[in-house]
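This report describes the fold and selected residues of one protein chain. Please examine the model shown below before reading on.

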Amino acid sequence: MGPHRSCDDRSVTSPQQTPEPHSPDQDHGPHQHAQEHGSHGHGQAHGSHGHSHNHGPATPVSRHLRRVIAAILIPFATAVVVGLVVLWPGGAPAHERTGVGFDRQTEQGKVVAVEQVDCASVNAGQVPPTGDTSTPQGREAVNAQQGECEKATIEVTSGPEKGRTFTEIVQPDAPRQLHEGQGVVVAYAPDAPRDLQYSVTDVNRKLPMAVLAGIFAIAVVVVGRMKGVMALVALVVSFLILTFFILPAILDGSNPLVVAVVGSSAIMLIALYMCHGLSARTSVAVLGTLISLLLIGLLGSVFIGWASLSGNTDDNTGLIHGLYPNIDMSGLLLAGVIIGSLGVLDDVTVTQTSAVWELHQADPGMGPRALYRAGIRIGRDHIASVVNTLVLAYAGAALPLLLLFSIAQSSMGTVANSELVAVEIVRTLVGSIGLVASVPLTTALAALVVSADRTEAGGLAATGGRKPAAARGGRRRRAK
């Protein structure tokens with residue numbers, strides 16, 4: 001029973017609740033003995049009920065509360081499905097390749113030979129250096145005429161011209177050096193002169209990435225067991241929704257915010273219920289996540305508009321805007337904030353809900369106030385670590401940019417005011433506010449649900465109200 005306690009309804013059958021020979025809750029004399037050991041009639045029925053309660057999935061909340069939760073979540077899930085159907089794209093719209101950045105036709109290639117050559121012989125067409133090495137241009141010009149360069153022969157291994165070879169000159173100070181047998185990605189420009197149609201644009205790193213992904217999957221399965229397998233399946237589903245719905249729908253001209261809300265909600269429902277089971281505990285986490293996502297969307301919309309963030313901050317976003325001018329780039333920025341916050345929100349809401357449920361199991365007499373106070377103490381520790389993690393994650397992603405500002409010796413105010421950094425600040429703070437708010441929201445929801453279950457279902461849900469008042473204590477322990 002232990003491995004299932006954290007994610008589904010079977011978590012309520014903890015060892016503390018298993019009937020013991022000397023438990024005070026079993027102090028019912030011969031009547032209780034007849035219920036557990038009777039072989040016929042009414043006693044047999046109760047004996048079988050006790051067995052199923054201890055070894056099968058138990059009902060954590062009353063039927064009334066399950067109906068209330070279903071009344072909220074079923075319309076929401078229905079709306080998500082309708083949104084997926086209405087907004088589902090027919091695929092990304094076609095466009096003519098610009099040959100810029102990622103918008104290039106690429107093929108696979110392989111380095112078949114590398115030889116050392118004199119840089120002056122292969123860079124003869126360049127302007128002779130002036131000898132001034134105080135500027136980056138001067139240093140590059142000097143290096144282009146001095147030292148040993150590499151002349152790599154590349155064979156195209158995919159596409160209609162598979163088997164064709166071309167040469168690539170690698171400068172001695174180039175950040176990427178080539179070696180024989182290395183796989184590369186080559187860009188193909190069909191409109192260029194034949195000798196210039198192919199060029200090396202990147203290295204092929206599929207194998208190390210696949211090995212790393214395999215190690216990750218093995219670690220998750222070994223530690224998480226069946227829960228780990230379900231988490232991996234949920235991860236695959238999340239990527240499928242992102243790849244086949246969210247991205248094509250935005251390119252198809254749908255509102256990025258609406259697409260992000262529908263897609264994130266679908267990911268949330270599938271991932272949470274797949275990983276943690278179809279239970280009231282998971283439903284409370286879903287409600288907490290939903291409310292927090294709505295708060296993040298509202299705050300993000302207000303402050304992105306107030307700060308006049310266009311979302312067009314680099315070459316990639318500029319290329320997107322050039323290819324698809326109808327895309328709302330500020331809406332795309334807000335969609336990224338919502339999707340980026342979802343993963344951490346899931347962690348916070350599930351943890352807080354599980355904490356409240358476990359506190360209730362440890363002390364069934366705790367009321368909603370006591371459960372909330374105990375749960376929020378756990379949540380404060382969670383808030384501190386999660387917010388710090390989120391800020392450092394964004395800072396790490398923007399580290400090269402921050403380094404450029406440091407080199408330019410710009411003031412902190414100037415750096416923060418630039419749109420490149422302001423986007424990251426707004427993204428971080430809006431997401432962090434939503435995370436902080438999710439802790440008291442989810443804790444309060446979980447405390448109310450589990451406390452209402454104790455008062456409404458504790459005495460009657462397990463037995464249908466047939467037991468006398470004298471046996472209420474034992475039934476209350478079973479009905480959690």
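How many helices and strands are there in the protein? The protein has 15 helices and 5 strands, where helices (H or I, at least four residues) and strands (E, at least two) are DSSP runs numbered from the N terminus.

The model is predicted: local features need pLDDT of at least 70 and side-chain atom pairs count only at pLDDT 80 or more, while totals for chains, interfaces and linings use all residues. Residues are numbered from 1 along each chain as its sequence is written, and side-chain values use heavy atoms, with hydrogens and water left out.

**Overall composition**

Of the 480 residues in the protein, 39% are buried (under 20% relative accessible area; exposed is over 50% and partly exposed in between, with a 1.4 Å probe and protein chains only). Among contacts (heavy atoms within 4.5 Å) with a separation of 6 or more, 72% join residues 24 or more positions apart. The protein exposes about 26,000 Å², of which carbon and sulfur atoms supply 63%; accessible areas come from the Shrake-Rupley method with a 1.4 Å probe.

**A buried strand residue**

Valine 185 belongs to strand S4 (residues 183-188) and is buried, at 17% relative accessibility. The C-alpha atoms of valine 185 and glutamate 107 are separated by 6.0 Å, although these residues are 78 residues apart along the chain. Leaving aside neighbours within four places in sequence, valine 185 is in contact with residues including Thr106, Glu107, Gln108, Val200 and Asp202.

**Positive phi values**

Most residues other than glycine have a negative phi. Two residues with positive values are listed here.

| Residue | Phi | Location | Relative accessible area |
|---|---|---|---|
| Arginine 225 | near 55° | helix H6 (residues 206-251) | 60%, exposed |
| Serine 308 | near 55° | loop between helix H8 (280-306) and helix H9 (315-323) | 58%, exposed |

Arginine 225 thus has its positive phi within a helix, whereas serine 308 lies in a loop.

**A positive surface patch**

Which residues form a positive surface patch? The patch is formed by Arg369, Arg373, Arg377 and Arg380. Patch residues have over 30% relative accessible area and no salt bridge, and like charges are joined within 9 Å; a salt bridge is a side-chain nitrogen of Lys or Arg within 4 Å of a carboxyl oxygen of Asp or Glu. For Arg, the place of the charge is taken as CZ. Arginine 373 lies in helix H11 (residues 368-397) and counts as partly exposed, at 45% relative accessibility.

Conventions. Patches are made of residues with over 30% relative accessible area and no salt bridge: like charges are joined within 9 Å, nonpolar side chains (Val, Leu, Ile, Met, Phe, Trp, Tyr) within 5 Å. Lys and Arg count as positive and Asp and Glu as negative; His and the chain ends are not counted.
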